[in-house]
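Biologist: Hi! I'd like to get to know a new structure with you. Could you put it on the screen?

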Amino acid sequence: MSAPLLARQDEIVFHQYREHLPQALIVAGEDGLDREATVDNLAHAQPSEVITIVPEKDKKHISVEQIRALISSIRTHALRRRIIIIRLAEHMTEVAQNALLKALEEPSHDTIFLLESEEPSLLLPTILSRCQIFTLHRTSALQDNTLLKQSGLDQTSVQQIRFLAAGRPALIREFIKTPKKLSERRDIIKHAKTLLGNASSYEALAAVYTYSTNRDQALKLIDVIVTLIRFQLTSHGPQPALTSLLERTERTEAALRANGNVKLALLQLTI
């Protein structure tokens with residue numbers, strides 16, 4: 001099992017958790033960070049029985065039936081430490097979260113819960129209050145360059161990956177491994193630039209409708225727009241129009257992640 005690539009500020013905390021895991025821990029971080037590898041390494045740092053819960057096949061949520069079945073299965077005495085991994089924990093339905101809460105309120109000494117989450121704010125406050133939170137940060141440019149030097153890609157691709165996936169090692173590896181995904185992200189850049197150029201134009205509205213039926217693609221569009229805006233703000237200093245667009249883009253992203261209507265959320269970008 002390969003070790004996660006973590007920001008320097010996260011490494012000490014990671015090794016502390018490897019030595020001693022709390023009863024319930026949320027590993028949080030934006031898409032593209034090494035959340036999954038971090039969780040797996042923590043779970044296997046010591047001999048343990050590991051049980052993993054993921055969203056149901058062909059669905060995007062974790063049902064209450066899954067959580068109830070899990071709780072039923074862990075009522076028996078464990079011969080060794082038992083670790084429950086819940087991937088994308090915010091995808092639990094509210095009923096499922098309430099069912100999990102009962103297990104967190106009455107923890108067994110031999111059972112540890114490891115929740116992986118991109119958006120922990122979507123979890124119930126009562127879940128958050130019973131878990132420690134380990135928030136991952138973006139890696140440095142030096143760490144990114146080390147990954148990219150091993151890729152064997154042409155310089156143009158390396159520069160594009162460095163720009164699009166800065167500080168996100170899992171996303172960098174994804175682009176290196178699957179050039180088609182990098183190519184798809186290049187196409188998204190064209191639509192993002194259209195929205196940045198004139199958000200109220202016909203072309204901008206057409207770009208919005210292109211993504212209005214696919215939440216995952218819409219989130220990728222938002223990611224590229226945020227990257228472009230922040231680059232411009234860093235390069236040229238404060239610009240009221242760009243700052244306003246960044247705020248609308250962040251609100252759009254929050255609505256998309258909260259399962260809001262995709263088309264209505266994206267239309268905020270054209271105001």
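Modeller: Here it is, and we can go through the fold, the sheet, the cores and a few single residues. Keep in mind that this is a predicted model.

Biologist: Okay, starting simple: how many helices and strands does the chain have?
Modeller: The chain has 13 helices and five strands.

Biologist: And why can we call the chain as compact as a globular protein of that length?
Modeller: Its radius of gyration is 20 Å, and the globule rule gives 18 Å for 271 residues, which is close, so the chain is as compact as a globular protein of that length. If you like boxes, the C-alpha atoms fill one of roughly 60 × 40 × 35 Å along the principal axes.

Biologist: What share of the residues is buried?
Modeller: Of the 271 residues, 46% count as buried. Here is another number for the whole chain: among contacts with a separation of 6 or more, 74% come from residues 24 or more positions apart.

Biologist: Let's look at the sheet. What is the order of its strands?
Modeller: The order is β2-β3-β4-β1-β5, in an open sheet with parallel pairing.

Biologist: Which ones are the edge strands?
Modeller: Those are β2 (49–53) and β5 (132–135), and each of them pairs on one side only. On average, neighbouring strands are turned by 20 degrees against each other, ignoring direction.

Biologist: I'm curious about β4. Which strands does it pair with?
Modeller: β4 pairs with β3 (residues 82–86) over five bridges, in the parallel sense. Five bridges also join β4 to β1, and these two run parallel as well.

Biologist: Can you give me a residue to click on? Which residue of β4 is the bridge partner of I85?
Modeller: Click on L114, the bridge partner of I85. L114 is also the bridge partner of L25.

Biologist: Nice! How many residues of β4 are buried?
Modeller: Seven of its seven residues are. There is a helpful rule here: side chains in a regular strand alternate between the two faces of the sheet. In β4, one side has T111, F113, L115 and S117, the other has I112, L114 and E116, and all of these are buried.

Biologist: Which helices lie across the sheet strands?
Modeller: Two to look at are α1 and α4. Helix α1 (residues 8–19) lies across β1 (24–28) and β5, at about 140 degrees to β5. Helix α4 (residues 94–105) lies across β1, β3 and β4, and runs at about 140 degrees to β4.

Biologist: Back to S117 for a second. Why does S117 count as buried?
Modeller: Its relative accessibility is 0%, and buried means under 20%, so S117 counts as buried.

Biologist: And what does its side chain make a polar contact with?
Modeller: The side chain of S117 has a polar contact of 2.8 Å with the side chain of E90. A polar atom of the S117 side chain also lies 3.2 Å from the backbone nitrogen of E119. Leaving aside neighbours within four places in sequence, S117 is in contact with several residues, including I26, G29, R35 and L123.

Biologist: Changing topic: which residues touch the most other members in the largest nonpolar core?
Modeller: They are L221, I225, I229, L256 and L266, in a core of 36 residues. Several helices supply at least two residues each, among them α6 (141–149), α9 (179–197) and α12 (240–257). The largest share, 10 residues, comes from α11.

Biologist: What is I225 in contact with, leaving aside its neighbours within four places in sequence?
Modeller: I225 is in contact with A192, L195, L196, T249 and L269. Apart from this core lies another one of 26 residues, and L115 is among them.

Biologist: Now a loop residue, K57. Is K57 buried or exposed?
Modeller: K57 is exposed, with a relative accessible area of 75%. You'll find K57 in the loop between β2 and α3 (64–73).

Biologist: Last one! Which residues have a positive phi although they are not glycine?
Modeller: Two to look up are L88, at about 45 degrees, and N259, at about 70 degrees. L88 lies in the loop between β3 and α4 and is partly exposed at 26% relative accessibility. N259 sits in the loop between α12 and α13, and with 58% relative accessibility N259 counts as exposed.

Terms used: Residues numbered from 1 in each chain as written. Predicted model: local features only at pLDDT ≥ 70, side-chain atom pairs only at ≥ 80, totals over all residues. Heavy atoms only, no water. Buried < 20%, exposed > 50% of the residue type's maximum accessible area, 1.4 Å probe, protein only. Polar contact = N/O pair within 3.5 Å; in protein donor to acceptor, adjacent residues only side chain to side chain. Contact = heavy atoms within 4.5 Å. Core = buried A, V, L, I, M, F, W, Y, C linked by side-chain atoms within 4.5 Å. Helix = DSSP H or I, 4+ residues; strand = E, 2+ residues; numbered from the N terminus. Pairing = 2+ DSSP bridges. Axes fitted to C-alpha atoms, helices over the stretch in contact; angles between N-to-C directions. Rg over C-alpha atoms; globule rule 2.2 N^0.38 Å.
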